[in-house]
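Here is a short tour of how one helix sits against its neighbours, and of what lies beneath it. Have a look at the fold before reading on.

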Amino acid sequence: MSQRIGTVDNLFTYACRKLFSRYKIQLYASHNEEDFHKKILNLNAHYIDYKTNIAGTGKQKTSSEASTVYEIYVKKKDHTLAELAMNTAAHR
């Protein structure tokens, strides 16, 4: 039953984001935490606003499998600039 509640909760969160959030465009999703932090550093270096979502998938079978999904969302107007910023090195 707890898996089902988690699924309903994730659906509710997704629906709220699509309806009410200004950050609707998913820019990035991965299981790699280190890469996720690098992408955030690049966005910060280029002064781009974003929102993140970190969710457990509950599908980890072995200790080597990742069970967390790291996501980055941006505003529609910032999407093109954010894609360019994520793929460049941070200048700090």
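## Helix 3 and its surroundings

On one side of helix 3, T80 and L84 are exposed. Keep in mind that this is a predicted model. Which residues of helix 3 are buried? Within residues 79–86, they are A82, A85 and M86. These three cover an arc of only 95 degrees around the axis, so they lie on the same side of helix 3.

What covers the buried residues of helix 3? The cover includes strand 1 (25–30), helix 2 (33–45) and strand 3 (68–74). For a closer view, take A85: leaving aside residues up to four places away in sequence, A85 touches N42, L43, H46 and I48.

Strand 3 is itself mostly covered, with six of its seven residues buried. Strand 3 also pairs with two other strands, as the table shows.

| Strand paired with strand 3 | Sense | Bridges | A residue and its partner in strand 3 |
|---|---|---|---|
| Strand 1 | antiparallel | five bridges | A29 and E71 |
| Strand 2 (residues 51–56) | antiparallel | six bridges | N53 and E71 |

E71 thus appears in both rows: A29 stands opposite E71, and E71 is the bridge partner of N53.

Now for the interior. In soluble globular proteins, nonpolar side chains tend to be buried together. Here the largest nonpolar core has 12 residues in all, among them L27, F36, L43, I72 and V74. Strand 1, helix 2, strand 3 and helix 3 each supply at least two residues of this core. The buried residues of helix 3, A82, A85 and M86, belong to this core too.

Key: Residues numbered from 1 in each chain as written. Predicted model: local features only at pLDDT ≥ 70, side-chain atom pairs only at ≥ 80, totals over all residues. Heavy atoms only, no water. Buried < 20%, exposed > 50% of the residue type's maximum accessible area, 1.4 Å probe, protein only. Helix = DSSP H or I, 4+ residues; strand = E, 2+ residues; numbered from the N terminus. Arc of directions from axis to C-beta. Contact = heavy atoms within 4.5 Å. Pairing = 2+ DSSP bridges. Core = buried A, V, L, I, M, F, W, Y, C linked by side-chain atoms within 4.5 Å.
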